[in-house]
Amino acid sequence: MTGIEKLRPDLAVIARHVAPGSRVLDVGCGDGALMAALRSQDCDVRGIEIDGALVEQCVARGLSVVQGDADRDLAFYPDGGFDVAILSQTLQTAARPDRMLAELLRVGRRAFVSFPNFAYWRTRLALLTQGRMPVTRALPVSWYETTNIHHMTIKDFEVLAGDLGVKLRRRWYFTGDRRRGNGSANWRAENALYEIERN
Amino acid sequence: MPDAPQSLRLTTPLPLDSGGELAAPTIAYETYGELNADRSNAILICHALTGDQYVASTHPITGKPGWWARMVGPGKPIDTDRFHVICANVIGSCLGSTGPASVAPDGQPYALRFPVITVRDMVRALVGLLDGLGIERLYCAIGGSMGGMQALSLAANWPERAARFLLIATTARHSAQNIAFHEVGRQAIMADPRWNGGDYYAGEAPDAGLAVARMAAHITYLSEDGLTEKFGRRLQDRPDGTQGAKSFGFDADFQIESYLRYQGNGFTKRFDANSYLYITRAMDYFDLADEHGGRLTDAFAGTTARFCVVSFDSDWLYPTSESRHMVQALNAAGAPVSFVELSAPFGHDSFLLDVPALDRVVKGFLE
């Protein structure tokens with residue numbers, strides 16, 4: 001379980017719930033921290049990352065990572081090529097999140113998807129009281145320079161999953177670095193993680 | 001330090017894609033670093049069009065350091081304290097391996113009697129060399145530009161011969177633009193009266209034609225930004241000492257003209273014009289997908305090796321789009337592949353020059 005405890009909370013949950021030996025595609029893999037943890041669980045892990053400097057770090061760690069844009073390049077991966085596809089904190093940056101979810105479940109039988117919840121109460125409060133796009137701990141970048149072009153809430157995600165006929169297998173919610181319960185998650189959770197699969 | 005010049009004569013005829021064969025060709029090569037006891041630390045570096053086996057040792061004609069001395073050596077990214085590095089002159093070339101300038105069985109130079117070869121033929125000869133050296137499986141095959149084509153061809157046709165393939169600034173097929181530039185070079189050589197139908201070894205070589213070919217090609221190895229930064233529209237100092245004056249003639253007024261003439265002339269001292277024809281032809285014929293039924297993915301079916309593909313944002317000879325095309329095919333074949341486009345100002349030649357990010361990627365991939 002090398003390094004799992006050092007991972008971001010959503011990534012640590014993913015690492016614990018991917019079966020050893022799985023074939024995994026990490027879309028938007030960043031510096032490869034999750035990939036490295038999964039590799040130590042004997043998974044065959046591949047990554048896609050748009051930032052060349054991060055790809056360079058991944059290659060230097062011996063990870064197989066392709067520099068590319070998930071909006072465009074997922075299309076080149078074969079159907080069902082992976083047991084698990086992972087999209088952490090990236091869905092809100094997609095040109096078309098609906099199509100990206102469909103692509104994830106085309107290349108992977110199952111997928112883990114995490115995203116910041118725009119309906120978190122601090123975000124709502126900031127918008128309500130200041131009347132400006134919130135800049136919070138989870139969303140620290142101003143509206144004009146953020147890469148998050150499709151903010152969504154937990155409720156939005158679940159509705160979209162229903163529309164796409166995607167099955168929600170498991171869900172985890174986080175506030176700060178801590179897991180939290182499922183009660184009133186759309187108010188109280190800062191980040192959400194779902195395990196989804198094709199129906 | 002490298003050993004004395006080494007060569008190996010293949011004991012069997014080398015079959016060629018053209019249908020012909022080459023009787024017992026010689027492969028000249030250099031090695032660096034010790035081969036370990038279980039022969040598992042060998043790295044093959046494949047050279048580019050006008051490269052040679054002197055990857056990290058002094059060139060015997062020019063006296064210059066090896067063409068990739070910054071990358072290969074003790075403590076370098078391709079660490080010869082750890083790896084046994086092999087670099088061989090391709091067949092068709094002119095630095096010791098059998099080529100058009102070599103003496104044919106009848107005692108005369110082959111000249112144009114040398115068979116037209118392909119990149120796969122070059123690699124077939126390299127595989128013969130590996131057999132002769134007793135190396136079954138390379139730790140890695142590495143190549144930039146035409147060297148990358150050879151590494152790709154090895155991956156597609158002899159996939160079991162290497163555990164890793166590192167492909168830098170290369171392509172799986174020559175484009176119309178690539179072929180067009182090569183044709184300009186070949187025509188320049190063949191338009192030189194000294195070329196004489198390729199039969200010039202007893203007299204003077206077609207240096208003027210070869211120099212023009214090199215000048216045209218050299219432009220394709222650089223970027224427009226790089227040229228602008230290095231030369232701009234700056235003028236040469238005149239022979240009479242005046243600075244920055246136009247000659248109102250056809251001397252090399254601009255610094256870029258002088259630079260290209262220098263590059264062209266220097267090249268003729270170390271390269272054979274017929275070799276240039278043969279090797280550019282081999283590159284133009286290169287289309288890995290075509291060799292495998294038209295689908296590039298099929299070229300990599302069943303491969304178990306790891307791949308790393310590197311392109312440079314200023315390389316317009318083999319642009320990033322060509323690397324992406326390879327990566328997509330490798331992905332579709334399920335191969336473990338890494339790909340990164342590095343930012344460097346030097347155009348296609350970036351792979352030979354000071355690009356620290358390339359050092360890190362090469363070192364990391366070989367870990």
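How many residues of domain 1 of chain B are in contact with domain 2 of chain B, and how many of domain 2 do they meet? In this predicted model, 20 residues of domain 1 of chain B are in contact with 18 residues of domain 2 of chain B. The points below cover the domains of chain B, its active-site residues as listed by UniProt, B:Glu291, the contact between chains B and A, and strand pairing in chain A.

**Domains of chain B**

- The domain assignment splits chain B into domain 1, made of 6–174 + 288–365, and domain 2, made of 179–277.
- Between the C-alpha centres of domain 1 of chain B and domain 2 of chain B there is a distance of 27 Å.
- On the side of domain 1 of chain B that touches domain 2 of chain B, the residues are 10 nonpolar, 9 polar and 1 charged.
- An unreviewed UniProt entry lists "domain: AB hydrolase-1" for residues 41–353 of chain B.
- That span, residues 41–353 of chain B, is 36% helix and 12% strand, and its end C-alpha atoms are 26 Å apart.

**Active-site residues from the UniProt record**

- The unreviewed UniProt entry puts the feature "active site" at B:Ser145, B:Asp315 and B:His348.
- These residues span 204 residues in sequence, yet no two of their C-alpha atoms are more than 10.7 Å apart, so they gather at one spot.
- B:Asp315 sits in the loop between β11 and α10 of chain B, while B:His348 sits in the loop between β12 and α11 of chain B.
- B:Asp315 counts as buried because it has 28 C-beta neighbours inside 10 Å.
- B:His348 is also buried, with 24 other C-beta atoms within 10 Å.
- Leaving aside residues up to four places away in sequence, B:Asp315 touches B:Ala169, B:Gly347, B:His348 and B:Ser350.
- With neighbours within four places in sequence likewise left aside, the contacts of B:His348 include B:Ser145 and B:Asp315.
- Other contacts of B:His348 include B:Ala169, B:Thr220, B:Tyr221, B:Leu317 and B:Tyr318.

**B:Glu291**

- B:Glu291 belongs to helix α8 (residues 288–291) of chain B.
- Because 21 other C-beta atoms lie within 10 Å, B:Glu291 is buried, the cut-off for this class being 20 or more.
- Not counting residues up to four places away in sequence, B:Glu291 touches B:Arg120 and B:Ala299.
- The C-alpha atoms of B:Glu291 and B:Ser153 are 9.7 Å apart in space, although the two residues are 138 residues apart in sequence.

**Contact between chains B and A**

- 20 residues of chain B are in contact with 16 residues of chain A.
- At least two residues of the side of chain B that touches chain A come from each of β11 (306–312), α10 (320–332), β12 (337–342) and α11 (356–365) of chain B.
- β12(B) gives the largest share of that side, 6 residues.
- By class, the side of chain B that touches chain A holds 11 nonpolar, 5 polar and 4 charged residues.

**Strand pairing in chain A**

- Strand β5 (residues 108–116) of chain A runs antiparallel to strand β8 (residues 191–198) of chain A, and 7 bridges join them.
- A:Ser114 is opposite A:Leu193 in β8(A).
- Strand β6 (residues 166–175) of chain A also pairs with β8(A) in the antiparallel sense, over 8 bridges.
- A:Lys167 is opposite A:Glu197 in β8(A).

Definitions and conventions
Residues numbered from 1 in each chain as written. Chains lettered and ligands numbered in written order. Predicted model: local features only at pLDDT ≥ 70, side-chain atom pairs only at ≥ 80, totals over all residues. UniProt positions renumbered as here; feature names shortened; annotations may be inferred. Helix = DSSP H or I, 4+ residues; strand = E, 2+ residues; numbered from the N terminus. Contact = placed C-beta atoms within 7 Å. Nonpolar A, V, L, I, M, F, W, Y, C, P; charged D, E, K, R; others polar. Domains from an automatic or database assignment. Buried ≥ 20, exposed ≤ 12 C-beta atoms within 10 Å, placed from the backbone. Pairing = 2+ DSSP bridges.
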